[in-house]
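Trainee: I'd like a close look at one part of this chain, the aromatic rings and the places they sit. Could you walk me through it in one go?

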Amino acid sequence: MTNKNHSQIMLMIFKKNNDNLKFQYAMCLLEIKSYKLAESELHHIVKNENTRYYEEAQYYLALVLIKNQKVKMPKMILDEISNNNLNPYRIMAKSILKKL
């Protein structure tokens with residue numbers, strides 16, 4: 001991705017303030033191992049608990065925080081996920097917590 005394309009995508013995302021675009025962009029950033037940028041995008045998404053991507057973004061935020069060698073915050077997020085019986089990432093969160 002060229003810097004020009006990256007800038008155009010970012011401008012489109014922030015102008016629309018669209019959680020769908022932000023989440024998909026964060027997933028792309030994870031795919032290309034741009035963990036710091038992905039962390040930032042996921043933080044923005046999880047600020048809104050009413051977004052349809054909240055649970056998924058929360059889970060991936062915990063993973064990217066671990067990847068970025070942060071420990072305390074991902075444990076708190078994974079605890080929250082694992083204590084929510086309705087969260088589809090609950091079992092995976094419990095498994096990761098056991099490994100931390």
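Mentor: Sure. Let's set the scene before we zoom in. The chain has 6 helices and 0 strands, and from the N terminus on its elements read α-α-α-α-α-α. Keep in mind that this is a predicted model. Of the 100 residues in the chain, 38% are buried. As for contacts between residues at least 6 apart in sequence, 40% of them join residues at least 24 apart.

Now the rings. How many aromatic pairs does the count come to? It comes to 3. Take phenylalanine 23 and tyrosine 53: their ring centres are 4.7 Å apart and their planes meet at 15°, and since stacking asks for planes under 30 degrees apart, this pair is stacked. Where do the two partners come from? Phenylalanine 23 belongs to helix H2 (residues 19-31), while tyrosine 53 sits in the loop between helix H3 (35-46) and helix H4 (54-67), so the pair ties together parts that are 30 residues apart in sequence. Both phenylalanine 23 and tyrosine 53 are buried.

Another pair is made by tyrosine 59 and tyrosine 60, and this one is edge-to-face, with 5.4 Å from centre to centre and 75° between the planes. Is each partner buried or partly exposed? Tyrosine 59 has a relative accessible area of 8%, which is under the 20% cut-off, so tyrosine 59 counts as buried. Tyrosine 60 comes out at 25%, so tyrosine 60 is partly exposed. Tyr59 and Tyr60 also share one aromatic cluster with Tyr89.

Back to H2, the helix that carries phenylalanine 23. H2 has 13 residues, and at 1.5 Å a residue it should span 18 Å; the C-alpha atoms at its ends are 18 Å apart, so the two values agree. Which residues of H2 are buried? They are Asp19, Lys22, Phe23, Tyr25, Ala26, Met27, Leu29 and Leu30. To read that list, it helps to recall that an α-helix has 3.6 residues a turn, so residues three or four places apart point the same way. Just past the helix, look at lysine 33, which follows H2 and has a positive phi, near 60°.

One last thing, on the outside of the chain: the accessible surface comes to about 6700 Å², and 52% of that belongs to carbon and sulfur atoms.

Methods
Residues are numbered from 1 along each chain as its sequence is written. This is a predicted model: local features need pLDDT of at least 70, side-chain atom pairs count only at pLDDT 80 or more; totals for chains, interfaces and linings use all residues. Side-chain values use heavy atoms; hydrogens and water are left out. Rings of Phe, Tyr and Trp (its six-membered ring) pair if their centres lie within 6.5 Å; planes under 30 degrees apart count as stacked, over 60 as edge-to-face and the rest as tilted. Helices (H or I, at least four residues) and strands (E, at least two) are DSSP runs, numbered from the N terminus. Buried means under 20% relative accessible area, exposed over 50%, partly exposed in between (1.4 Å probe, protein chains only). Contact means heavy atoms within 4.5 Å. Accessible areas come from the Shrake-Rupley method with a 1.4 Å probe; for residues, only the protein chains shown count as cover. The expected span of a helix is 1.5 Å times one less than its number of residues.
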